Amino acid sequence: MTKLLHINTPLIQSLSLGQKLNANVWLKMDAMQPSGSFKTRGIGFICQQYAKQGAKGFVSSSGGNAGLAVAYCGRQLNIPVTVYVPKTTKQRAIDLIQAEGATVIVKGCNWAEAHTSAIQTCSDHIRYIHPFDAPEIWQGHATIIDEVFDAGQVPDAVVLSVGGGGLLCGVVEGLKRNNAANTPILAVETNGADSLTQACQAGEQVDINNITSIATSLGATQVATQAFKYTQQYPITPHTVTDLEAIIGCKTLLDEHRILTEPACGASIAATLNCDNPFWQDKR
Ligand SMILES: *Cc1c(COP(=O)(O)O)cnc(C)c1O
């Protein structure tokens, strides 16, 4: 049996958020994953697939949670990891990745440049692990929904944050494989990292060029094509909040549940607190 690289995280009811929204609100506590985010799910799954195919190394191009997840999974699978990060990456992020035993190479002025350097080093045995855009990653992320159904909860709606849309694609996969493909999804971004919202408004994929939000984990200039396609096939409502609202979301979670998350997560809490959003009208 393959060893799971992610854990089954707690699913806890938030009475306080529920009272504010007048609904039953459940929180899936994926900040508690070993590498600190849900990314261990999908990245763990794809790394294991590649390991079975004989991979001898993994390469990532993320100084954030994706790079950390690849470093963690590589260490668990005994496969060396190299992470290319742009010059803008904070020393703290580099330290965390190095602590997992991965090699960090600082290259390029932005993610796209680090990404280009990273893929050039790859081959049949040295596999590039994309932060969000691969079907195996979505299959792995889908376990977050499997666990919700296994816990006996059938959601009337799902609120999630969107960066490159890997989590969104994974949640759609998860809802599909639990016969709940028509569950409405509120897909939350911050202003300045709103690549999905802008694509939906334009009716086609767009590249937003510049990330100005503090929610750096949501900072993909373009979402995965599949994420955009899903917005045209399933009941997915894009929604944006301000950076300040995302911070207030973090503070709410801290006050109510004594858990501190990054703004990328606070954004979804903020969207849940926004009772006036027409999205909630027919759902409680
Ligand atoms: C990566 C990440 C996101 C966004 O996920 P995507 O798959 O890029 O859409 C949201 N929140 C946190 C904490 C993350 O690490």
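In this predicted model, Arg 258 sits in the loop that runs between α11 and α12 (263–273). Although Arg 258 is not a glycine, its phi is positive, at about 55°. The residue has a relative accessible area of 68%, and because the cut-off for exposure is over 50%, Arg 258 counts as exposed. Asn 209 offers a second case of a positive phi in a residue that is not a glycine, here about 65°. Its place is the loop between α9 (195–202) and α10 (225–233), and with a relative accessible area of 66% Asn 209 is likewise exposed.

Helix α11 (residues 243–257) holds Ile 248, which brings the surface into view. Ile 248 joins Ile 214, Leu 244 and Ile 247 in a nonpolar surface patch, and together the four residues offer about 370 Å² of accessible area. Ile 248 itself has a relative accessible area of 45% and is therefore partly exposed.

Turning to the overall layout, the domain assignment divides the protein chain into domain 1 (39–128) and domain 2 (134–280). Taken over C-alpha atoms, the centres of domain 1 and domain 2 are separated by 23 Å. Eight residues from domain 1 and eleven residues from domain 2 take part in the contact.

The interior gives a further view of how the domains meet. The largest nonpolar core has 55 residues, and Ile 43, Phe 58, Leu 160, Leu 168, Val 171 and Ile 185 are those with the most contacts inside it. Helix α3 (residues 65–77) supplies the largest share of this core, with seven residues. Both domain 1 (39–128) and domain 2 (134–280) give residues to the core, so it lies between them. For Ile 185, leaving aside neighbours within four places in sequence, the contacts include Val 158, Leu 160, Leu 168, Val 171, Val 172 and Leu 175. Pro 235, Ile 236, Thr 237 and Phe 279 are also among the contacts of Ile 185. A second core, separate from the largest one, has 21 residues, including Leu 17, Leu 21, Met 29 and Ala 215.

Two further residues illustrate buried strand positions. Val 104 belongs to strand β5 (residues 103–106) and, at 16% relative accessibility, counts as buried. Once neighbours within four places in sequence are set aside, Val 104 is in contact with Val 83, Val 85, Ile 94, Ile 97 and Gln 98. By contrast with these contacts, Thr 225, 121 residues away along the chain, has its C-alpha atom 29 Å from that of Val 104. His 239 is found in strand β9 (residues 236–241) and is buried, its relative accessible area being 13%. Beyond neighbours within four places in sequence, His 239 is in contact with Leu 186, Ala 187, Val 188 and Glu 189, among others. The contacts of His 239 also include Thr 197, Ala 271, Asn 274 and Asn 277. Asn 277 is 38 residues from His 239 in sequence, with a C-alpha to C-alpha distance of 9.1 Å.

Charged pairs complete the picture, and a search of the whole structure finds nine salt bridges. In one of these, the side chains of Lys 28 and Glu 147 meet at 2.7 Å, N to O. Lys 28 lies in strand β2 (residues 26–28) and Glu 147 in helix α7 (residues 143–150), so this pair ties together parts that are 119 residues apart in sequence. Glu 147 has 9% relative accessibility and therefore counts as buried. Glu 147 also meets Arg 41 in a salt bridge, with an N to O distance of 2.9 Å. Because Arg 41 lies in helix α2 (residues 39–52) and Glu 147 in helix α7, this pair ties together parts that are 106 residues apart in sequence. Arg 41 is buried too, with a relative accessible area of 1%.

A salt bridge within a single helix is formed by Glu 173 and Lys 176, both of which lie in helix α8 (residues 166–177). The closest N and O atoms of the pair are 3.9 Å apart, and the two residues are three residues apart, about one turn of the helix. Lys 176, at 31% relative accessibility, counts as partly exposed. Elsewhere, salt bridges that share partners join Lys 28, Asp 30, Arg 41 and Glu 147 into one network.

Notes
Residues are numbered from 1 along each chain as its sequence is written. This is a predicted model: local features need pLDDT of at least 70, side-chain atom pairs count only at pLDDT 80 or more; totals for chains, interfaces and linings use all residues. Side-chain values use heavy atoms; hydrogens and water are left out. A nonpolar core is a set of buried Ala, Val, Leu, Ile, Met, Phe, Trp, Tyr and Cys residues joined through side-chain atoms within 4.5 Å. Buried means under 20% relative accessible area, exposed over 50%, partly exposed in between (1.4 Å probe, protein chains only). Helices (H or I, at least four residues) and strands (E, at least two) are DSSP runs, numbered from the N terminus. Domain bounds come from an automatic or database domain assignment. Contact means heavy atoms within 4.5 Å. Patches are made of residues with over 30% relative accessible area and no salt bridge: like charges are joined within 9 Å, nonpolar side chains (Val, Leu, Ile, Met, Phe, Trp, Tyr) within 5 Å. Accessible areas come from the Shrake-Rupley method with a 1.4 Å probe; for residues, only the protein chains shown count as cover.
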